[in-house]
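Visitor: I would like to learn how to read helices and charged pairs in a model such as this one. Could we take the features one at a time?

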Amino acid sequence: MTWRRELQQTIQYRNAYFLAFSATAGYVCFGWDIGLIGGVLSLPSFQDYFGLDKESASARASLSGNIVSVLQAGGFVGAIAASWLASRYGRKPSLLASAVIFLIGSAIQSIVGLGSTPSTGLKLLYFSRFLGGVGVGLMSALVPTYVSECAPRVIRGRCTGSIEVAVGLGNMLSFWVNYGVALHIPPGQMQWRTPIIVQMLPGITFFVFMLFQPESPRWLIERGRYTDAANALGYIVRKDPQDDAVQLTLSEIREEFVGKRKLPIATQFKKMGESRIIALRCLIPSIATFFQQWTGTNAVNYYTPIIFANLGISSTDASLFATGIYGVVKFVVTCLVLAFVIESWGRKRTLIYGGIAQAITMIWIGGYSAVHPQSTVVPTTYVSIVAVYLYGVAFGIGWGFTPLVLGSEVAPGHLRSAVMSIAVGVTWLFTYVIAQITPIMLAHITYGTYLVFGVASVIMAIWVYVCVPETTGYPLEDVRYLFEKDIIVRSLQDAPGGRIFLGKRRAISVEELKRDATDVGVEPAPSDLSDELVKEAVPRGPQIVDDALVI
């Protein structure tokens with residue numbers, strides 16, 4: 001695509017881009033929160049205030065793990081609750097509520113210990129981080145669903161992928177705020193309270209921007225609010241709500257929801273097992289987010305100062321500075337991938353290439369730590385520090401944001417909110433696990449920590465290669481056909497070099513599957529659809545529309 005075409009497309013879909021920007025501001029809160037605490041924990045002023053510097057190394061590692069991971073416990077609760085809230089009250093109100101909960105939790109964190117003893121303040125810190133985690137968990141579950149349901153197909157990967165840009169931006173800003181307070185604010189309470197206070201800014205931004213965004217057209221259709229859905233879709237794609245393209249897209253979405261509207265949340269969970277294909281589509285998002293946590297990314301995010309200290313960067317200021325550079329590297333790479341790679345490479349290649357590159361860097365760091373356990377600096381130390389940055393590059397290429405893009409596309413439309421809640425719940429559950437075990441692993445098995453993540457990266461790349469078909473370029477309503485027949489054959493056919501394993505075998509094309517499904521009546525009967533659609537005077541029949549509009 002030429003630069004001129006890119007510019008025209010950006011102008012045409014500027015409302016959709018602004019919607020994605022507004023919603024993914026919630027992920028800035030997420031990225032900020034996970035990047036913030038590692039730097040705060042490394043500040044001597046924080047350790048002195050809560051008495052961590054007086055504990056043994058193992059006790060200090062345990063307390064650090066608790067402070068970090070209580071946020072994930074709250075995030076898990078928020079992610080699981082998101083499905084019910086989003087289905088009952090809508091995506092937008094639930095997102096606004098998540099911002100309010102996050103801000104309350106952050107405000108309490110900023111004042112812990114004032115007017116009480118440090119031990120009481122530590123208990124309040126646990127509670128406030130849990131509460132803030134509930135808010136961030138809600139955001140993390142709701143934003144991918146909301147953006148994928150609103151974004152036009154031609155820019156859907158880019159819009160959903162902007163989530164990881166937001167995470168990277170939050171990470172980067174929190175790293176540099178931590179470095180700034182260590183450098184410019186004298187040791188004392190304000191040194192560690194300031195980063196916590198500043199993290200409320202993205203929460204406020206998220207709340208304000210979301211006030212001006214529409215509700216998800218798919219949720220409105222599910223609730224029978226067809227006029228509101230037409231207005232929302234018209235706003236997103238900057239067309240009149242009565243435009244033929246808007247009306248045809250609405251009719252296609254309505255076909256997907258015929259007989260499935262207003263499903264109670266318990267029914268949504270039951271329907272995840274109604275067929276082998278549905279069950280597989282519901283499992284893939286959770287498997288992808290499970291693997292995402294075993295890349296080791298949050299271990300690096302939370303404990304980068306400790307990792308750099310183990311590699312020989314011993315002073316607090318220097319390790320925080322190196323951590324800040326890591327944040328910049330991840331953010332820049334994520335932006336470049338989002339702009340030039342995600343739609344051209346597709347979901348599958350980014351996950352495969354990213355997984356292999358992650359494995360190489362993690363195995364190198366593990367090998368270096370095994371042969372050189374001392375904290376002294378030798379020539380290969382610099383290579384290992386570069387390897388940490390290259391790991392950030394590899395993560396940004398694939399496993400940073402593609403699992404959310406893939407998951408939101410694969411999930412069945414009438415079950416998407418429940419499926420994505422479970423997937424994000426898995427994210428939070430294993431983020432909690434990783435946050436708990438990483439300081440213990442670093443203390444006890446040292447270099448083995450990196451080897452575990454390296455081997456896991458190889459396994460996830462193989463899984464994507466063999467078991468996941470390419471979803472790029474398909475409307476959400478057509479993704480189901482990718483799982484109808486010959487899933488392994490289709491997955492290998494879509495993989496780089498995968499056809500050499502197939503010989504002359506090929507998967508049936510989506511166009512043939514759609515034609516066969518219509519011929520045998522797998523889709524709802526035309527008369528039933530006509531009755532359903534005519535009630536609201538939605539035009540049907542062959543129409544020439546802008547294919548990019550299809551969401």
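Guide: Let us begin with a helix, bearing in mind that the model is predicted. In H21, the buried residues are Gly448, Thr449, Tyr450, Phe453, Gly454, Ala456, Ser457, Met460, Ala461, Trp463, Val464 and Tyr465.

Visitor: What general idea helps in reading such a list?

Guide: An α-helix has 3.6 residues a turn, so residues three or four places apart point the same way. Within helix H21, which covers residues 448-467, lies valine 455, and this valine counts as partly exposed because its relative accessibility is 47%, in between the cut-offs of 20% and 50%.

Visitor: Which C-alpha atom is separated from that of valine 455 by 6.5 Å?

Guide: That of alanine 359, although the two residues are 96 residues apart along the chain.

Visitor: How far apart should the ends of H21 be?

Guide: At 1.5 Å a residue, its 20 residues should span 28 Å, and the end C-alpha atoms are indeed 28 Å apart, so expectation and model agree.

Visitor: How many salt bridges does a search of the whole structure find?

Guide: The search finds eight. In one of them, glutamate 149 pairs with arginine 91, with the closest N and O atoms 2.8 Å apart. This pair links distant parts of the chain, since glutamate 149 belongs to helix H6 (residues 118-150) and arginine 91 to helix H5 (residues 91-110), 58 residues apart.

Visitor: Are glutamate 149 and arginine 91 buried or exposed?

Guide: Both glutamate 149 and arginine 91 are buried. By contrast, in the salt bridge between aspartate 48 and lysine 54 (4.0 Å, N to O), lysine 54 is exposed because its relative accessible area is 63%.

Definitions and conventions
Residues are numbered from 1 along each chain as its sequence is written. This is a predicted model: local features need pLDDT of at least 70, side-chain atom pairs count only at pLDDT 80 or more; totals for chains, interfaces and linings use all residues. Side-chain values use heavy atoms; hydrogens and water are left out. Helices (H or I, at least four residues) and strands (E, at least two) are DSSP runs, numbered from the N terminus. Buried means under 20% relative accessible area, exposed over 50%, partly exposed in between (1.4 Å probe, protein chains only). The expected span of a helix is 1.5 Å times one less than its number of residues. A salt bridge is a side-chain nitrogen of Lys or Arg within 4 Å of a carboxyl oxygen of Asp or Glu.
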